Amino acid sequence: MKAGFWVAPEGEDAAMTVMPIGAEPPLRAGKVNFLATSSAEEMIRRCRHTAMLLPEIADALAVQKADKPGRLFDITDYPGDDRELITQTLGEGEVAGVAALPNGVTAQMQEAVMAGVWRIRFTDAEGRLIGDYVEVASIPAAVRQACSALPASISHGPAPAGAMNVMPVLTEVADRAARNRDGDPTHVITFSLFPMSPEDMAFLQDTLGAGPVQLTSRGYGTCRIVATGARNVWSVQFYNAMDTIILDTLEICDIPSVAVAAEEDFRDSEMRLREIEEAYFK
């Protein structure tokens with residue numbers, strides 16, 4: 001048996017992963033150069049809300065710290081053209097995702113091309129838009145809010161028949177998750193380093209459960225970040241260009257670093273946003 005993989009009955013190798021694979025992430029990252037087109041000039045002239053908002057976002061970036069709460073800008077009641085211009089100006093960066101909040105509201109999140117700037121749309125249980133925001137933060141507050149109600153302890157029954165390593169893995173996960181505090185180094189469990197049977201992985205999936213947050217980072221390759229049903233326990237999976245999983249891990253931490261904007265990102269994004277403002281909005 002290969003470390004971290006199992007052999008299917010037909011003999012075909014298939015990855016056994018902590019969280020199921022198959023569903024395409026709800027949001028995909030890309031880049032839109034709308035401001036460089038001829039159709040943008042007239043929209044910019046009539047969208048003064050956007051012109052006033054951009055320097056406020058840049059000012060927030062100038063003082064934002066990676067370990068501090070972010071700042072929200074409510075654009076829900078902006079005219080439709082302004083909200084569309086904001087969408088085009090911010091563009092689509094590397095990280096996107098969804099978070100299911102405890103009150104039944106869903107947050108759809110898309111990082112801008114300026115790291116640390118996020119577009120957040122909130123919808124109710126019927127899918128109706130109830131809030132539209134731009135947020136300056138290392139990670140949207142909705143991610144932390146969605147995970148706040150998760151249990152800190154992990155409970156499970158006896159090992160299933162065919163189990164190999166799942167029980168010591170669960171002991172390690174439960175111990176690390178219970179002791180984790182904000183700012184602690186991330187503890188990583190890599191499933192390619194030791195063998196896990198199909199029974200192991202099925203029991204691990206059933207025990208941890210699925211959590212309320214799913215993020216996708218499309219920087220250097222694709223990374224899928226999924227909250228499990230246990231607080232501070234995340235499935236982090238990396239894919240190659242063929243959408244084949246190449247690294248399958250559990251991370252015990254506050255938020256996996258691959259999805260979080262760093263301190264220098266805020267300064268770089270401030271500079272970039274001021275350049276955009278100067279070039280197109282003055």
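Q: Which residues are linked in a network of salt bridges?
A: Start with the rule: a salt bridge is counted when a side-chain nitrogen of Lys or Arg lies within 4 Å of a carboxyl oxygen of Asp or Glu. Here, Glu41, Glu42, Arg45, Arg46 and Asp81 are linked in such a network. Keep in mind that this is a predicted model, where local features need pLDDT of at least 70 and side-chain atom pairs count only at pLDDT 80 or more, while totals for chains, interfaces and linings use all residues. Residues are numbered from 1 along each chain as its sequence is written, and side-chain values use heavy atoms, with hydrogens and water left out.

Q: How many salt bridges does the count come to?
A: By that rule, 17. One of them joins Glu270 and Arg274, whose closest N and O atoms are 3.0 Å apart. Both sit in helix H7, four residues apart, so about one helical turn separates them. Helices here are DSSP runs of H or I with at least four residues, strands are runs of E with at least two, and both are numbered from the N terminus.

Q: Is Glu277, a salt-bridge partner of Lys282, buried or exposed?
A: To read this, use relative accessible area: buried means under 20%, exposed over 50%, and partly exposed in between (1.4 Å probe, protein chains only). Glu277 is at 9%, so it counts as buried. Its partner Lys282 is exposed at 69%, and the closest N and O atoms of the pair are 4.0 Å apart. As for the H7 pair, Glu270 is buried at 18%, whereas Arg274 is partly exposed at 29%.

Q: Which residues of the largest nonpolar core touch the most other members?
A: In soluble globular proteins, nonpolar side chains tend to be buried together. A nonpolar core is a set of buried Ala, Val, Leu, Ile, Met, Phe, Trp, Tyr and Cys residues joined through side-chain atoms within 4.5 Å. In the largest one, which has 30 residues, the members touching the most others are Ile57, Leu85, Met114, Val117, Val134 and Phe281. At least two residues each come from helices H1 (40-46), H2 (48-63), H3 (80-90) and H7 (263-280) and from strand S7 (129-136). H2 gives the largest share, seven residues. There is also a second, separate core of 25 residues, including Ala99, Ile139, Leu215 and Cys223.

Q: Leaving aside neighbours within four places in sequence, what is Leu85 in contact with?
A: Contact means heavy atoms within 4.5 Å. For Leu85, the list is Phe34, Leu35, Met43, Ile44, Cys47, Thr50 and Phe281.

Q: In what order do the 10 strands of the open sheet come?
A: Strands of a sheet pair through backbone hydrogen bonds, either parallel or antiparallel. Two strands count as paired if DSSP finds at least two bridges between them. The order here is S3-S7-S6-S5-S4-S9-S10-S11-S12-S8, and the pairing is antiparallel. S3 (71-74) and S8 (187-190) are at the edges with a single partner strand each, so one side of each has no neighbour in the sheet. At the S3 edge, four bridges pair S3 with S7, and Asp74 stands opposite Tyr133 in S7.

Q: How many residues of S10 are buried?
A: Seven of the seven, so S10 is largely enclosed by the rest of the structure. Thr222, Arg224, Val226 and Thr228 point one way, and Cys223, Ile225 and Ala227 the other. S10 runs antiparallel to S9, joined by five bridges, and pairs with S11 in the antiparallel sense over six. Cys223 is the bridge partner of Ser217 and also stands opposite Phe238 in S11.

Q: Which residue in the turn between S10 and S11 has a positive phi?
A: Asn232, at about 70°, in a hairpin with four residues between the strands. The hairpin of S9 and S10 also has four residues between its strands, and there Gly221 takes a positive phi near 85°.

Q: Which residues of helix H6 are buried?
A: An α-helix has 3.6 residues a turn, so residues three or four places apart point the same way. In H6 (198-208), the buried residues are Asp200, Met201, Phe203, Leu204, Thr207 and Leu208. Seen down the axis, they fall within an arc of 165°, so they line one face of the helix; that arc is taken from the directions from the helix axis to the C-beta atoms. Their cover includes helix H5 (166-179) and strands S9 (210-217), S10 (222-228), S11 (233-239) and S12 (245-252). Just after H6, Gly209 takes a positive phi of about 75°.
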